[in-house]
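Trainee: Got a minute to go through this fold with me? I'd like to start with a single residue and work outwards.

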Amino acid sequence: MIALLVALLGIAHAGVTLVPTPVEDPGHKGLVRWFEALSRGGVARAIQYGDSTIAADGFTRTVRDRLTTRFGDAGPGFVTASFDGRWHKRSDIESSKSGEWSLKTILLGGAGGRYGLGGIVGIAPGGASVTARAVKAETAQAMKHLEVWYQAGAGYGTFWAKTDDKEVARQSAVAAATEDRRFVLDVPGGFTTVKFGAAGGPVPFYGVVLETGTPGATWEALGVVGVGSKSFTTFAKDKLADQVALRKPDLIVVMLGGNEAGYPILVGNGGAGYTPIFQGALDVIRAGAPQASCLVVSPLDQGFVDEADGVAKSRPGMTNLVARQREVALASGCAFWSTWAAMGGKGSAITWASARGIGTGDYVHVTAKGLELLGNALADSLLSSYDSWKAGK
């Protein structure tokens, strides 16, 4: 009886109620390739695109921890080379930079259509470098597989890399025409620290792959603060597919829309005008690995303060935004999970904003604790769906 009441009424925590929300995936068709990868016992790689909700890694860290606890820890996977908390950060990576790096992102453009896998390119001038290591529970984690993704072109310098202070690569990044490159190295004995940089001239870096060399899962957060669907169709459409294909993900997760909730086009006609906007972004992101599993995750509910009366109100387009994303996801063969529904649906942003330790007061974001609650809710739904698939299989 108690279990039934929990399922029906949700789980109350710190003044908010999480509503049990299953992943919508008829016949498990949207997630089956990822489920197969998880069940094989090798490495099951998931990459998640999104905005500020995942850029600080609170939501994604929680999902990652749940998956690696269940299936094994394959390492951080791909980590965007910005190493700059203003745009993106990873809780499982410690890093330090030297030199005056510059950054180009798919939010602001300026990188000629090449933003790597994660939507951010970090340009290291000659003499600049970054040192990074994977950490788990504040302890350095040994890695056995390394990749450094970078760009070559006219006027560039030399790329170099070290593992545990041992130089393992020094290659010219000069090319007649701009091209994307990748350095790959397996270190059977393992390493804990990687350092890479530029010499003699600038080198643009996209990111680094760090894996343990053991079976398990990755959940690779590719968030960029401020991005929306149009960021991908405007700046990333030409070269992103090549980068996604290179990573060979088993699952692609798309969590956009947080910066689109105020679009006037969402209010009338059921928000039908939003459909091609979101569809375009989903198509661009999936183009490099159309065979991979696909999951669309809706944005958080949002509210705003009405200047006319100073009262917090629900954004009028949120219901339509979530409905259109669900429609696009299922029509595209993707699974769908509604963060909005898990929060409580329409108006829940106002409730969450007033909850101590959960809300930030801006009716748009939630605290790290709030993100942890939502991350666990998604993990619960994914693991439940996996168990159902495995039982049926």
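Mentor: Sure. Keep in mind that this is a predicted model. Let's start with V130, which is found in strand β8, residues 129-136.

Trainee: Is V130 buried or exposed?

Mentor: V130 counts as buried, because its relative accessibility is 1% and the cut-off for buried is under 20%.

Trainee: OK, and what does V130 touch, leaving out residues up to four places away in sequence?

Mentor: On that count, V130 touches F83, S95, S96, K97, W101, V194, K195 and F196. There's also a distance to look at with S82: V130 and S82 are 48 residues apart in sequence, yet their C-alpha atoms are 9.8 Å apart in space.

Trainee: Which way does β8 pair with β14?

Mentor: Antiparallel, over five bridges, with β14 covering residues 193-199. If you want a pair to click on, R133 has T193 in β14 as its bridge partner.

Trainee: What about β11 and β14, how many bridges there?

Mentor: Six bridges join β11, residues 158-163, to β14, and those two run antiparallel. Look for F159, which stands opposite A198 in β14.

Trainee: Switching to the parallel sheet. What's the strand order?

Mentor: It's an open sheet of five strands, in the order β16-β3-β17-β18-β21, with parallel pairing. The edges are β16 (216-223) and β21 (335-337), each of which pairs on one side only. On average, neighbouring strands in this sheet are turned by 20 degrees against each other, direction ignored.

Trainee: How many bridges hold β3 and β16 together?

Mentor: Eight, in the parallel sense, with β3 spanning residues 43-50. Within that pairing, I47 stands opposite E220 in β16.

Trainee: Which helices pack on the sheet?

Mentor: One of them is α7, which touches β3, β17 (251-255) and β18 (293-297). The direction of α7 makes about 150 degrees with that of β17. Then there's α8, residues 318-331, touching β18 and β21. For α8, the direction makes about 160 degrees with that of β21.

Trainee: And how much of β18 is buried?

Mentor: Five of its five residues are buried. Both faces are covered, with S293, L295 and V297 on one side and C294 and V296 on the other. That split fits the general pattern, because side chains in a regular strand alternate between the two faces of the sheet.

Trainee: How does β18 join up with β17?

Mentor: Through four bridges, and the two strands run parallel. V253 has L295 in β18 as its bridge partner.

Trainee: Next topic, the hydrophobic stuff. How many residues are in the largest nonpolar core?

Mentor: The largest one has 44 residues, and Y49 and F232 have the most contacts inside it. Helix α7, residues 275-286, gives the most to this core, with six residues.

Trainee: So what's around F232?

Mentor: Setting aside residues up to four places away in sequence, F232 touches Y49, I106, V227, K237, L240, L256, A281, V284 and I285. Apart from that core lies another one, of 40 residues, with L18, V23, L371 and L378 among them.

Trainee: How many cavities of 30 Å³ or more are there?

Mentor: The structure holds one. The largest cavity has a volume of about 30 Å³. Its lining is made of D301, M343, A349, W352, A353, Y363, V364, H365 and V366. Helix α10, residues 348-353, gives the most to that lining, with three residues.

Trainee: I flagged Y363 for its backbone. What's its phi?

Mentor: About 65 degrees, a positive value although Y363 is not a glycine. Y363 is found in the loop between α10 and α11 (368-392). With 21% relative accessibility, Y363 counts as partly exposed, because buried means under 20% and exposed over 50%.

Trainee: And D57, what's the phi there?

Mentor: Near 75 degrees, again positive in a residue other than glycine. D57 is found in the loop between α3 (52-55) and α4 (58-71).

Trainee: Is D57 buried or exposed?

Mentor: D57 is buried, with a relative accessible area of 0%.

How values were computed:
Residues numbered from 1 in each chain as written. Predicted model: local features only at pLDDT ≥ 70, side-chain atom pairs only at ≥ 80, totals over all residues. Heavy atoms only, no water. Core = buried A, V, L, I, M, F, W, Y, C linked by side-chain atoms within 4.5 Å. Buried < 20%, exposed > 50% of the residue type's maximum accessible area, 1.4 Å probe, protein only. Contact = heavy atoms within 4.5 Å. Pairing = 2+ DSSP bridges. Axes fitted to C-alpha atoms, helices over the stretch in contact; angles between N-to-C directions. 1 Å grid on protein atoms, 1.4 Å probe; cavity = no way out; pocket = protein on both sides within 12 Å on 5 of 7 lines; lining within 4 Å. Points joined across faces, edges and corners; volume = space filled by probe spheres on them.
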